[in-house]
Amino acid sequence: MQYIGEGQGKGGIPIKVKVTMDGDKIVNIEVLEQAETVGVEEPAFEKLIPEMIEKQTTQVDALSGVTLSARGLCEAVQNALAQIG
């Protein structure tokens, strides 16, 4: 199953994600839309997404300098997961 969620990124600009589930496990998180600073937040997403999948939680450590973007990404994933059930 796939779920779409949206969170608030830097400057209030939305971050939209698609979360793919296999049963009760997160198997993929894809960023569909975002307008974060190129070259700054994107590497953070590349680090945070695998960590969320590995740990099966959005409770991951935000990276220094990209706190708002990381928070927006986690919020988007949480909103997608909230649709389950």
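The legends below describe close-up views of a predicted model, beginning with its sheet and ending with its helices.

**View 1. The open sheet of three strands.** In this predicted model, three strands build an open sheet in the order 1-2-3, and their pairing is antiparallel. Strand 1, covering residues 2–8, and strand 3, covering residues 25–33, stand at the edges with a single partner strand each, so one side of each is left without a neighbour in the sheet. Averaged over neighbouring strands and with direction ignored, the turn of one strand against the next in this sheet is 25 degrees.

**View 2. Strand 1 beside strand 2.** Strand 1 and strand 2, the latter made of residues 14–22, run antiparallel and are joined by seven bridges. Among the facing residues, glycine 7 has isoleucine 15 of strand 2 as its bridge partner, while glutamine 8 stands opposite proline 14 in strand 2. The hairpin of these two strands has five residues between the strands, and in this hairpin glycine 11 takes a positive phi near 75 degrees.

**View 3. Strand 2 beside strand 3.** Seven bridges also connect strand 2 with strand 3, and this pair runs antiparallel. Aspartate 22 has its bridge partner in strand 3, namely lysine 25. In the hairpin of strand 2 and strand 3, where two residues lie between the strands, glycine 23 takes a positive phi near 70 degrees.

**View 4. The helices against the sheet.** Helix 1, formed by residues 41–55, packs on the sheet and touches strand 2 and strand 3, its direction making about 155 degrees with that of strand 3. Helix 2, formed by residues 67–81, lies across strand 1, strand 2 and strand 3, and runs at about 145 degrees to strand 1.

**View 5. Helix 2 and its buried residues.** Helix 2 is 15 residues long and reaches 21 Å from its first C-alpha to its last, which is close to the 21 Å expected at 1.5 Å a residue. The buried residues in this helix are Ser69, Ala70, Gly72, Leu73, Cys74, Ala76, Val77 and Ala80. These buried residues of helix 2 pack against strand 1, strand 2 and strand 3 of the sheet, and against helix 1 as well.

How values were computed. Residues are numbered from 1 along each chain as its sequence is written. This is a predicted model: local features need pLDDT of at least 70, side-chain atom pairs count only at pLDDT 80 or more; totals for chains, interfaces and linings use all residues. Side-chain values use heavy atoms; hydrogens and water are left out. Two strands pair if DSSP finds at least two bridges between them. Helices (H or I, at least four residues) and strands (E, at least two) are DSSP runs, numbered from the N terminus. Axes are lines fitted to C-alpha atoms, for helices over the stretch in contact, and angles run from 0 to 180 degrees between N-to-C directions. Contact means heavy atoms within 4.5 Å. The expected span of a helix is 1.5 Å times one less than its number of residues. Buried means under 20% relative accessible area, exposed over 50%, partly exposed in between (1.4 Å probe, protein chains only).
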